[in-house]
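Visitor: I'd like to learn how to read a structure like this one, feature by feature. Could you walk me through it?

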Amino acid sequence: MSDAPSARTAAAPNAATATTPPGGALPSLRFGYGTNGLADLRLDDALSLLADLGYDGVGLTLDHMHLDPLAPGLAARTRRVAQRLDALGLGVTVETGARYVLDPRRKHGPSLLDPDPEDRSRRTDLLARAVQVAADLGAHAVHCFSGTVPEGTGTDTAWKRLAESLAPVLDAAASAGIPLAVEPEPGHLLATLADFHHLRRALGDPELLGLTLDIGHCQCLEPLSPADCVRAAAPWLRHVQIEDMRRGVHEHLPFGEGEIDFPPVLAALAATGYQGLTVVELPRHSHAGPHFAAHSLPFLRHAERTAATAPPGTAPPGTAEAFQQTAPPHGAPSTAPEGSSR
């Protein structure tokens, strides 16, 4: 894809570069919506919808219906999408959670943990290709996840495979200057913030290795509250996904249908200086994607305004109770009823 010039300038990966507006007010967050929740729309129609609704950007999942990463002419197609994003004023994060883009019969297969090295290489190659797409789009990060541990594979072996599989992707990320943002997924090898730090240390803390924080996953199984997860993750935060969720149940829910107190979460995000996209993640609601896209942004903006006007040190009812709940055991079946991922 070297013939596709970068049409946009990627955002600086270091959130600490953000500036605070005059008067001490926190900077506004930049909200996006994931195309995996608009899978029934053509990509151009999805982008136009999000721009019309007032979103700041898009979480673009590379899939057979949206900028297919394996079809011919990727460089030219990417260039056209970059031009469209510019015309609409949309930022972008490249996401790689397509269910069947590599294997039409195996959800999220092959993964970075597969026993067959050739299969692992296929996933590595896809992620490296996603890095190039991200560079050509001016994306601020590339999202990925580990995958579930294959049956019969020991944990130590799985971690070794993950580190080895990601090494060439990180090389590509370093060459392109695009952060790789690994997402902890309930039920996966890398399921928690603690697991992210395990991987980071195993790889020698590479500069371009960052974190995708899914706010719902924090509610699902982290020992900290979602707001405290944001604060703990801040130095490595490169991408954020957001939806509602209940404790111990990995089910992405529309806002208001779960248990999350959103004003303190958004206040924590703003306070860190995070300037990447915060992307609504509702992949199981594509059948009504335009409806949920239309209703999600006003909810988030209202929660953001509520956070800005709340007295310091206060939180809505229920935050303390959520914080005091104990996380389910690591990898507990109750955390992943949706399968290996979304």
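Guide: We'll take helix pairs, then the core, then a few backbone details. One thing up front: this is a predicted model.

Visitor: Fine. How do I describe two helices that pack together?

Guide: Two packed helices are described by the angle between their axes and the distance between the axes. Try helix H1 (residues 43–53) and helix H9 (residues 289–309): their axes come within 10 Å and cross at roughly 25°. Angles under 35 degrees count as roughly parallel, so H1 is roughly parallel to H9. The crossing of H1 past H9 is right-handed.

Visitor: Which residues in H1 and H9 meet?

Guide: From H1 you have Leu-49, Leu-50 and Leu-53, and they meet Pro-290, Ala-293, Ala-294 and Leu-297 of H9. That contact is made up of seven nonpolar residues, with no polar and no charged ones.

Visitor: Leu-49 and Leu-53 sit on the one helix with a gap between them. Is there a general idea behind such spacing?

Guide: There is: an α-helix has 3.6 residues a turn, so residues three or four places apart point the same way. Keep that in mind when you look at H9, where Pro-290, Ala-293, Ala-294 and Leu-297 face H1's leucines Leu-49, Leu-50 and Leu-53 in the contact.

Visitor: What is the angle between H8 and H9?

Guide: H8 and H9 pack at about 75°, and their axes are 8 Å apart. With 65 to 115 degrees counting as roughly perpendicular, H8 is roughly perpendicular to H9. On the H8 side the contact uses Phe-262, Pro-263, Leu-266 and Ala-267, and on the H9 side Phe-299, Leu-300, Ala-303, Glu-304, Thr-306 and Ala-307. By residue type, this contact has eight nonpolar, one polar and one charged.

Visitor: Is helix H8 enclosed or open?

Guide: Here you look at burial, meaning under 20% relative accessible area. Helix H8 (residues 262–272) has eight of its eleven residues buried, so it is largely enclosed by the rest of the structure. The buried ones are Phe-262, Pro-263, Pro-264, Val-265, Leu-266, Ala-268, Leu-269 and Ala-270. Right after H8 comes Gly-273, with a positive phi near 85°.

Visitor: And how do H2 and H3 cross?

Guide: At roughly 40°, with axes that come within 9 Å. That makes H2 oblique to H3, and H2 passes H3 in a right-handed crossing. Leu-74, Thr-78, Val-81, Ala-82 and Leu-85 of H2 meet Arg-129, Val-133, Asp-136 and Leu-137 of H3. The split for this contact is six nonpolar, one polar and two charged.

Visitor: What about Gln-83, then: where is it found?

Guide: Gln-83 is in helix H2 (residues 74–88). Its relative accessible area is 49%, so Gln-83 is partly exposed. The C-alpha atoms of Gln-83 and Leu-137 are separated by 8.5 Å, although these residues are 54 apart along the chain.

Visitor: Now the core. Which residues touch the most other members?

Guide: The largest nonpolar core has 77 residues, and those touching the most other members are Tyr-33, Leu-67, Val-94, Leu-137, Leu-162, Leu-166 and Leu-213. Helix H3 (residues 117–137) supplies the largest share of this core, seven residues. For a close-up, take Val-94: beyond its sequence neighbours up to four places away, Val-94 touches Leu-60, Leu-62, Ala-130, Val-133, Ala-134, Leu-137, Ala-139, Ala-141, Val-142 and His-143.

Visitor: Leu-67 is one of those core residues. What is the phi of Leu-67?

Guide: Near 50°, which is positive in a residue other than glycine. Leu-67 lies in the loop between strand S2 (57–61) and H2. With a relative accessibility of 7%, Leu-67 counts as buried.

Visitor: Which other loop should I inspect?

Guide: Go to the loop between S3 and H3, where you'll find His-108. His-108 isn't a glycine, yet its phi is positive at about 60°. His-108 also counts as buried, at 7% relative accessibility. In the loop between strand S3 (91–95) and H3 you'll also find Pro-110, and the peptide bond joining Gly-109 and Pro-110 is cis, with omega about -10°.

How values were computed
Residues are numbered from 1 along each chain as its sequence is written. This is a predicted model: local features need pLDDT of at least 70, side-chain atom pairs count only at pLDDT 80 or more; totals for chains, interfaces and linings use all residues. Side-chain values use heavy atoms; hydrogens and water are left out. A nonpolar core is a set of buried Ala, Val, Leu, Ile, Met, Phe, Trp, Tyr and Cys residues joined through side-chain atoms within 4.5 Å. Buried means under 20% relative accessible area, exposed over 50%, partly exposed in between (1.4 Å probe, protein chains only). Helices (H or I, at least four residues) and strands (E, at least two) are DSSP runs, numbered from the N terminus. Contact means heavy atoms within 4.5 Å. Axes are lines fitted to C-alpha atoms, for helices over the stretch in contact, and angles run from 0 to 180 degrees between N-to-C directions. Angles under 35 degrees count as roughly parallel, over 145 as roughly antiparallel, 65 to 115 as roughly perpendicular and the rest as oblique. A crossing is left-handed if the near helix is turned anticlockwise from the far one by less than a right angle, and right-handed if clockwise. Ala, Val, Leu, Ile, Met, Phe, Trp, Tyr, Cys and Pro count as nonpolar, Asp, Glu, Lys and Arg as charged, and the others, Gly among them, as polar.
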